[in-house]
Amino acid sequence: MGNEIGTRYDPQNIESKWYKYWLEKKYFSPKKDGPKYSIVIPPPNITGKIHMGHALNITLQDIIIRFKRMQGYRTLWIPGEDHAGIATQTAVEKYLETKGTKREDLGREKFLETVWDWANTYRDTIKKQIMAIGASVDWSRERFTLDEGLSKAVRKVFVSLYKKGLIYKGKYIVNWCPRCKTVLSDEEVEYHEHDGKLYYIKYPFADGNGEILIATTRPETMLGDTAVAVHPSDERYKHLIGKEVILPLVGRKIKIIGDVHADPKFGTGALKVTPAHDPNDYLIGQRHKLEFINIFNEDMTINDNGGKYKGLDRYEARKAIVEDLEKEGYLVKIEDIKHSVGHCYRCDTVIEPMLMDQWFVSMKPLAERAVKAVEDGEVTFYPARWKKVYLNWMKDIRDWCISRQLWWGHRIPIWYCNDCGHINVSEDDIQKCEKCGSTNLRQDEDVLDTWFSSALWPFSTLGWPETTEDLKTFYPTDVLVTGFDIIFFWVARMVMMGYEFMNEKPFKDVYIHQLVRDKYGRKMSKSLGNGIDPIEIIDKYGADPMRFTLALMAAQGRDINLDVKYIENNKKFANKIWNATRFVILNLDDYKEVPLENLKLADKWILSRAQKTIKNVTEFIESYEFNQAAKEIYNFFWDELCDWYIESVKPRLKTDERNLVQNVLVKVLDISLKLLHPFMPFITEELWQKLPIAEESIIISKWPKYDNELIDTEAESKFNLLMAIIRGIRNVKAEINIPQSKKVNITVNKDLTEEEKLYISSLANVDIINISQSKPEKSASAYIDSQIEVYVELGDLIDVDSEIERLTRKIEKLEKDADKFRKKLSNKKFLEGAPEEIVNETREKLHNIEEQINRIKTIVNSLK
């Protein structure tokens, strides 16, 4: 690839070049040998561009897959997209509105053609975005939840569950969105706090002897009331159980019943029961065999059961009913309250609980093995706390409503015979009734919930229901990387379907990643306008700095408060990598490979530190501690390799040790670039190719192996002492306002080796090193411990008395600053209320000030 190296890091040019190269070489496809390791990508919805949450999700998976590929695994990472039924249909309908048309105007067939065009455009956009992030997914195996193979899998699963009696049609209270005109699963309803009103209404006893007072937030639903419930042990009301009341405005007689769901503390403790329009009332209705009266049309206008209110919208009806209740003396009072109201997660319309015929999956039988798998550790959650969340939901699981009143999606494979009424269920389209042979058939209009096809993703993407080589080789997958918000929507259902249809878990580990928030800790949203577009970031800073930032911030169990300045900082890190490698490359013109023998202290130190870094980075990635792995390699590369080793060997490159130093530099740079590769794939490939030991591509190079032989604790200890001495000399210069470039003399109380003297002279800018057991006059202490004492000779460089005075004033000022931080950190309100990173930042500031005070005090004492 040639070893010319540009003077600056230019991400735009190198990123497109290397991604193209990797694709041409088919490196993302699994190789022929090695143990298998597989991941399926959580398929992004085709409703728009990917966001920063996707960028984090993709980055973490790519770190894992590149790491495993370099470890010699036969890796497969399957990409794909989700058709996202309700979300996509809503987006396309909004687009059509801007063109002045509706889906009903187009008809089902024409509308679906429009959606397919949309889908293909957005799939292409998403693919380009995933490529820009650097994801090493196998594009030759890309899938789509509505492609032919996955549609076949969906039908097979539906028919199988139906025949087992696990799919049934029934009237059930469902969440209805009047805007999307479809049912929503419980998980698709988002609750927001509303300012509402609590209406107190008198329900008179049928015998004319008094009344019972109820309280409700939705007076319009009283048109469908079929009982009043009180708690059986409520002393105020238990004697009224069995009595009848007259429903105001309607005149219907309804009974007072005893039911534990009635909360004596809410409102008056007496609850109006509308079984067709409230999930809890529905259960009360079932328990007490009450009548179910539906009062709404699908557009939320009142139907025939609403009498004179027929045709009014639900909110108009509320207004009219409240006015009539007041007029007729039934309304006692109205209170302002705050309460939680369910909204459609796609269009934000207030949902309405409705009693409807829908298709359901019976979940309890499917949940048993999925619960056991997580309890027994067959499927493991990282962080572990999500295990409890998963199990709590699974143990209390409700049947899953899978039908949606949409056009875009997998149409339910059920055909009704218009002649004999038989329900035909088939994996293939059918032309005649299996019972009577009639061709007068009508397919169910509804489609399946999007999550139905997503639940099959780990095995359907590998070719199921066919027994393909991919399925035999790569199922079960090894890890699922996803967000906490879809544990119920997706993770749990994949586990259930995996056991039901593959008799095996779909994945071994589930890593629940962080939520990416803005720098103030707010959720990124269109309404706040605080979203950060990953593609804009890549265009400005490059994919590698963005990826590294996300990894560095991905601490388990903590959200990421992302500030663009962090990405700017890691662009500087990329520049550091570039410049350090460039320095090495420019010093390799006469490179030849030699054995690593006769090593000097610095060589032994850096090789030992490199081995410990290999060990730590490897272990951290294995345990999904991405932030720790990134921190480890960052500190090693910047602090140890660049700031210390490269600086310390610059003089040796001009001696007969040049060849040995070149070999150490190449070895350590090779290790560093490989450890960095999963995090920063583009820059590492570009630079690694310039090394004399480079082979075909870093992506298929061997992950560095930990070599215990190179661990040298003695060398580490000696070099650590040298670093402390050099830092001490630099600190004295800084505190006494002596430029770092000015040479000083020092006194030490023991002999140093020539190598040690060389490092101190070059790195601390020292001229003469004197050996003496006594402290020289006019000198400042740079370093003192049980082994060695080091003093900087100040001579005529300063006026000692005025310097002592100046430093004493500085200590006083720093003490005041420290007190401010101590006060803050002893304030309980601050500790409990401030974001964790602000508290940690304050602790760090205090620690740094205290260290500086101690340093200056040491200098002052040594000057006296």
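Trainee: How do the residues of the lining of the largest cavity divide into nonpolar, polar and charged?

Mentor: Four are nonpolar, two polar and three charged. This is a predicted model: local features need pLDDT of at least 70, side-chain atom pairs count only at pLDDT 80 or more, and totals for chains, interfaces and linings use all residues. Residues are numbered from 1 along each chain as its sequence is written, and side-chain values use heavy atoms, without hydrogens and water.

Trainee: What makes Gly85 polar here?

Mentor: The classes do. Ala, Val, Leu, Ile, Met, Phe, Trp, Tyr, Cys and Pro count as nonpolar, Asp, Glu, Lys and Arg as charged, and the others, Gly among them, as polar. Gly85 lines the largest cavity, so Gly85 goes with the polar residues.

Trainee: Why is this called a cavity?

Mentor: Because on a 1 Å grid over the protein atoms alone, a 1.4 Å probe fits at its points but cannot get out. Lining residues, including Tyr345 and Arg404, have an atom within 4 Å of a point. The volume, about 40 Å³, is the space filled by probe spheres set on the points, joined across faces, edges and corners.

Trainee: How many cavities of 30 Å³ or more does the search find?

Mentor: Two, in the whole structure. The second largest has about 30 Å³. Ile86 and Leu406 are among its lining residues, and both also line the largest cavity.

Trainee: How do you know that β15 pairs with β23?

Mentor: Strands (E, at least two residues) are DSSP runs, numbered from the N terminus. Pairing takes at least two bridges found by DSSP. Three bridges join β15 to β23, so they pair. Phenylalanine 381 has valine 510 in β23 as its bridge partner.

Terms used:
1 Å grid on protein atoms, 1.4 Å probe; cavity = no way out; pocket = protein on both sides within 12 Å on 5 of 7 lines; lining within 4 Å. Helix = DSSP H or I, 4+ residues; strand = E, 2+ residues; numbered from the N terminus.
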